[in-house]
Amino acid sequence: MTNDETMTNERVTKRKTPIKSLTLAETEARLGEWGHKPYRARQVMQWLYKKRAKSFAEMTDLPAALRDRLAAEFSFDALNPIRKLGSADTTRKFLFQLSDGSMIETVLIPASPSLYGETSDRRTICVSSQVGCAYGCKFCASGLDGFSRNLHAGEIVEQILRVEELSGEKINNVVFMGMGEPLANFDNLMRAIAIINAHWGINLGARHITVSTSGLAPRIRDFADQPLQVRLAISLHGATDEVRQQIMPVNRKYNLATLIEACEYYHRNKKQRVSFEYILIENVNDTEEQARELAALSKRLEAKVNLIPYNKVEGLPWKRPSLRRQDRFLQILRHHKVVATIRREKGHDIEAACGQLRLQAARDKSFAESADSR
């Protein structure tokens, strides 16, 4: 074993367990091993999710010895806000730095027509599940610097807590459609959802949580077998294999037929509608033919469609269609009795597409380091 490998192993060995990655049952078990009653674990959870403690020292109704041991065994892994952008329509985007120096993005979207058509006072948070992305969708900034690692459950949960703190707003809708492919981080995703949903955790109803996937068909089936009634959204972006493969490499492994079969399995198991997310890209997937093909797929699944005009990413060639083409596409869907909405200007002026802020920050850092070395 090399010296570098030894040092890496030592760092892994010394790394503390993130406290916000644990369930109540797991915390009860660990504290039980230390000789404490289950109510102590419930007190810890109250401090984490109700009182929003930032350290074990703040948990003043716990014995000092227990607070010290918790601090020795567990970490908070707080997210450090690096940058915050807010748009004219009050969409806000947060760039966070993790404990290892990696960066992720989280977006807070104000009340608007939801993925499911209704308008309400919901405040939606787009949560990241990975640092970077390995799936390489051609229009997306998330994967331009490649994939680094999965987020652990505590880092996922902490995004909600930090955005509530920084915005002063109560979040009542969570969507996993930030950086990364959520279903590629399946175990941490499901653990985070359990914490977000639990009465001792963030206590958000399962039907207010949506997982978006680029189309990992086997994992969609696994997701359908989970007990919670969490919603599913598919990042479709192309209504035929020919078009979808141009912009979504995942379609080569799981083509539309395979994907739709997995969605039908989810629909049967959950008795819930699937939602299709569809980013409109000029002269790629915004034709009338694509609209009709999308209508056919949507009717097959009784799916709802959320159209999203493309957010420009620096360095990529794609453009958003004109308003006339956007409206025509929507008109065709509605003509075929498909429930469809179009998301207008939520964050276009703050580069709110997945990965844009992180990519810009990374490039700014590289430029600064390059300048310093000259």
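This report covers confidence, one helix and the aromatic pairs of a predicted model.

Local features need pLDDT (the predictor's confidence in each residue, from 0 to 100) of at least 70, side-chain atom pairs count only at pLDDT 80 or more, and totals for chains, interfaces and linings use all residues. Residues are numbered from 1 along each chain as its sequence is written, and side-chain values use heavy atoms, with hydrogens and water left out.

The protein chain has a mean pLDDT of 88, with 85% of its residues at 70 or more. Residues 366-374 have pLDDT below 50. Where pLDDT is low, the predicted coordinates should not be read in detail.

Helix H2 spans residues 24-33 (helices, H or I of at least four residues, and strands, E of at least two, are DSSP runs numbered from the N terminus). Leu24, Thr27 and Leu31 of H2 are buried (under 20% relative accessible area; exposed is over 50%, partly exposed in between; 1.4 Å probe, protein chains only). On the other side of H2, Ala25 and Glu33 are exposed. Gly35, which follows H2, has a positive phi near 95°.

There are six aromatic pairs (ring centres of Phe, Tyr and the six-membered ring of Trp within 6.5 Å; planes under 30 degrees apart are stacked, over 60 edge-to-face, the rest tilted). Two of them are tabulated.

| Pair | Type | Centre to centre | Between planes |
|---|---|---|---|
| Phe56 and Phe76 | edge-to-face | 4.8 Å | 70° |
| Phe223 and Tyr266 | stacked | 6.1 Å | 5° |

Phe223 lies in helix H7 (residues 217-224) and Tyr266 in helix H10 (residues 256-270), 43 residues apart. Phe223 is buried at 2% relative accessible area, and Tyr266 is buried at 0%.

Technical notes. Contact = heavy atoms within 4.5 Å.
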